[in-house]
Amino acid sequence: MAKQKLKRFAEFSSWDNCFDFPYEIKGKWNKDVFKNSHPIVLELGCGKGEYTVALAKRYPDKNYLGVDIKSNRMWVGAKMAKEENLTHIAFMRAIMHKIDTIIGEGEADEIWITFPDPFLRSKSAKHRLTHTRFLRLYKKILKPGGTIHLKTDSDDLFTFTVNMLQHLGIQPIALEEDVHGNPDAPEILKEVKTYYERLFMNKGSTIKYISFNLSTFSEEQAIAFEEWFERERLRRVALGLSTGL
Ligand SMILES: C[S@@+](CC[C@H](N)C(=O)[O-])C[C@H]1O[C@@H](n2cnc3c(N)ncnc32)[C@H](O)[C@@H]1O
């Protein structure tokens, strides 16, 4: 393994703002780590964590927790936070679909999902981070009414999310089809860019954003959506249609 990666792994394990599958902190992030009672904001799949750091600098009255499976990437954001003495930022290595084993019930106030893999094949839809399978997890770990933000370059993931919310009867809080092309889009969405956001913008992609909450989301709705989705997927496969779901 490359020397630099090994060094980063070692530092990530030793720094006090970095955590490796910290099951023991579940429900105690504010008490044990941030030492205050501020709202907690998660960034799922934070990569290098520069978005988490940039948001944290703008909002010192919130606590920020970047989550990713790759500690050598999060090392970048953790180092920035250390150098700038930002004690309201932490990074944790964890697997997203088990996030409720590390974040307690109602412990988070907001979730950012930034440029996740869109899992284009409809057969893999359950891996999309806005799929109902994940919304169930988010509902557990979010405070009632807590906001979920999605930023993506993917038209397919964005359309899937918009359609799914419509099916679930969830009204988006905000929706932007071209964040950087709209002079009226909120500054915070335009000013702060993730690593992948910059890569996709350089390739000419438009960046899309949607936010919503789960106050009306129920298990029955999730099951009804999943059954509809599977029926529709199979119908399209039987007709030889490229599914576009
Ligand atoms: C396309 S990158 C986006 C990174 C960052 N949000 C950005 O916009 O620059 C997706 C990130 O999600 C992480 N990831 C993918 N699947 C994951 C999982 N199951 N659990 C935790 N992290 C995961 C990857 O390691 C990667 O850093």
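The largest share of the shell around the ligand in this predicted model, 3 residues, is contributed by helix α8 (residues 195-202). In total, 16 residues surround the ligand, and the closest are Gly45, Gly47, Phe115, Thr194 and Tyr196. Sorted by class, this shell holds 8 nonpolar, 4 polar and 4 charged residues.

Stepping back to the overall fold, the protein comprises 9 helices and 8 strands. The radius of gyration is 18 Å, close to the 18 Å that the globule rule gives for 245 residues, so the protein is as compact as a globular protein of that length. The C-alpha trace spans about 55 × 40 × 40 Å along its principal axes. Of the 245 residues, 37% count as buried. Among contacts with a separation of 6 or more, 76% are accounted for by residues 24 or more positions apart.

The interior is a good place to look next. In soluble globular proteins, nonpolar side chains tend to be buried together. Here, the largest nonpolar core has 52 residues, and those with the most contacts inside it are Leu42, Leu65, Val67, Met92, Ile111 and Tyr138. Val67 offers a handy view of the surroundings: leaving aside neighbours within four places in sequence, Val67 is in contact with Leu42, Glu43, Leu44, Cys46, Met92, Ala94, Met96 and Ile99.

Tyr138 leads on to helix α5 (residues 132-141), where Thr132, Phe134, Leu135, Tyr138, Lys139 and Ile141 are buried. The packing partners of the buried residues of α5 are β5 (108-114), β6 (142-152) and α9 (219-238).

One of these partners, strand β5, contains Trp112. Trp112 counts as buried because 23 C-beta neighbours lie inside 10 Å, where the cut-off for a buried residue is 20 or more. Not counting residues up to four places away in sequence, Trp112 touches Val41, Leu42, Glu43 and His149. Leu42 and Glu43 are also among the contacts of Val67. As for Val53, this residue is 59 residues from Trp112 in sequence, with a C-alpha to C-alpha separation of 13 Å in space.

Another partner of α5, strand β6, takes part in strand pairing: β6 and β8 pair in the antiparallel sense over 6 bridges, and in this pairing Thr147 stands opposite Asn213 in β8. Strand β7 (residues 174-176) is also joined to β8, by 3 bridges, and the two run antiparallel. Leu175 stands opposite Ile210 in β8. As for β8 itself (residues 208-213), 5 of its 6 residues are buried, so this strand is largely enclosed by the rest of the structure.

Two loop residues round off the picture with their backbone geometry. Lys35 has a positive phi of about 55° although it is not a glycine, and it is found in the loop between α2 (29-34) and β2 (40-44). Lys35 counts as exposed because it has 11 C-beta neighbours inside 10 Å, with exposure assigned at 12 or fewer. Phe119, likewise not a glycine, has a positive phi of about 45° and is placed in the loop between β5 and α5. With 18 other C-beta atoms within 10 Å, Phe119 is partly exposed.

Notes:
Residues are numbered from 1 along each chain as its sequence is written. This is a predicted model: local features need pLDDT of at least 70, side-chain atom pairs count only at pLDDT 80 or more; totals for chains, interfaces and linings use all residues. Helices (H or I, at least four residues) and strands (E, at least two) are DSSP runs, numbered from the N terminus. The radius of gyration is taken over C-alpha atoms; the globule rule is 2.2 Å times the number of residues to the power 0.38. Two residues are in contact if their C-beta atoms, placed from the backbone, lie within 7 Å. A residue is near a molecule or strand if its C-beta atom, placed from the backbone, lies within 6 Å of it. Ala, Val, Leu, Ile, Met, Phe, Trp, Tyr, Cys and Pro count as nonpolar, Asp, Glu, Lys and Arg as charged, and the others, Gly among them, as polar. A nonpolar core is a set of buried Ala, Val, Leu, Ile, Met, Phe, Trp, Tyr and Cys residues joined through C-beta atoms within 7 Å. Two strands pair if DSSP finds at least two bridges between them.
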